[in-house]
Amino acid sequence: MISRLPLDEQSAALQSVLSRNDVLLEVLSRTAALGLPGWYLTAGCLFQTVWNVVTGRPSTSGIKDYDVFYFDDSDLSWEAEDAVIRAGQEAFDGLPTQVEIRNEARVHLWYEQKFGVPCAPHTSTESAIDCFAATTCCVGVRLEPDGRWRVYAPHGLADVFNLIVRPNPVLAPQEVYEIKAARWRQQWPELTVLAWPAVPAPLTGPSS
């Protein structure tokens, strides 16, 4: 099983599996040409490609979009991010999918309004990937200038290859995890979805 290989061999296997998704390869190539600081292709398009290959589905099945994260804290204005988004729209023109580009240096400015919990400023694209609702989502890949693949996977790759969805309760609320997991389970019923960890009951002192 791939999940039992050494991590460097798992990374090579991940590259091999992701390379079966021609749309993903094109997004990687076109994003690299944009030269965004600290960028990664991340989230659903990665682990869902793996799920598709492992379960014998077409590699692009059920993938609704491709997420590109970058990190630029030199200008936190919406106008600066929007200029990058518009450049991306031009770069990705003609692809049969939606590509969403987001500056992770700005997430703390809108996260609480959208998800109901505050978010401290991220310090890098990697620190943003660390905060996904499920550890399975915490994977990023990019093409380095020499063409090598860089893989960021702080929780490893075993769960991805084993079709396990595991909660990552560091930022996103339980509701976000459960909604996402339920949607994924409909598309990929082979998944094993682990429960959000229970909050331990407060300790009580001796009664007086």
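Mentor: A residue counts as buried when its relative accessible area is under 20%. Keep that cut-off in mind for this predicted model.

Trainee: How many residues of E2 are buried?

Mentor: Six of the six residues in E2 are buried, so by that cut-off the strand is mostly covered.

Trainee: Which residues lie on each side of E2?

Mentor: Asp 65, Asp 67 and Phe 69 are on one side, with Tyr 66, Val 68 and Tyr 70 on the other, and both faces are covered.

Trainee: Which strands pair with E2, and in what sense?

Mentor: E1 pairs with E2 in the antiparallel sense, over three bridges. Thr 42 stands opposite Asp 67 of E2. E3 runs parallel to E2, and six bridges join the two. Asp 65 has Gln 98 in E3 as its bridge partner. Between E2 and E3 the chain passes through helix H4, residues 78-91, in a right-handed β-α-β crossover.

Trainee: How is empty space found, and how much lies in the largest pocket?

Mentor: A probe the size of a water molecule is rolled over the atoms, and this shows where space is left empty. Here the largest pocket holds about 910 Å³. Its lining has 34 residues, and Asp 67, Lys 114, Phe 115, Phe 132 and Lys 180 are the closest to the centre.

Trainee: Which element gives the largest share of that lining?

Mentor: Helix H8 does, with six residues. Elements supplying at least two residues each include E2, E3 and helix H5. By class, the lining has 20 nonpolar, five polar and nine charged residues.

Trainee: Where is confidence lowest and highest?

Mentor: The lowest mean, 86, belongs to helix H1, and the highest, 98, to strand E1. Over the protein chain the mean pLDDT is 92.

How values were computed. Residues are numbered from 1 along each chain as its sequence is written. This is a predicted model: local features need pLDDT of at least 70, side-chain atom pairs count only at pLDDT 80 or more; totals for chains, interfaces and linings use all residues. Side-chain values use heavy atoms; hydrogens and water are left out. On a 1 Å grid over the protein atoms alone, a cavity is a set of points where a 1.4 Å probe fits but cannot get out, and a pocket is an open set with protein on both sides within 12 Å along at least five of seven lines; lining residues have an atom within 4 Å of a point. Grid points are joined across faces, edges and corners, and a volume is the space filled by probe spheres set on the points. Helices (H or I, at least four residues) and strands (E, at least two) are DSSP runs, numbered from the N terminus. Ala, Val, Leu, Ile, Met, Phe, Trp, Tyr, Cys and Pro count as nonpolar, Asp, Glu, Lys and Arg as charged, and the others, Gly among them, as polar. pLDDT is the predictor's confidence in each residue, from 0 to 100. Buried means under 20% relative accessible area, exposed over 50%, partly exposed in between (1.4 Å probe, protein chains only). Two strands pair if DSSP finds at least two bridges between them. A crossover is right-handed if, with the strands pointing away from the viewer, the path from the first strand over the helix to the second runs clockwise.
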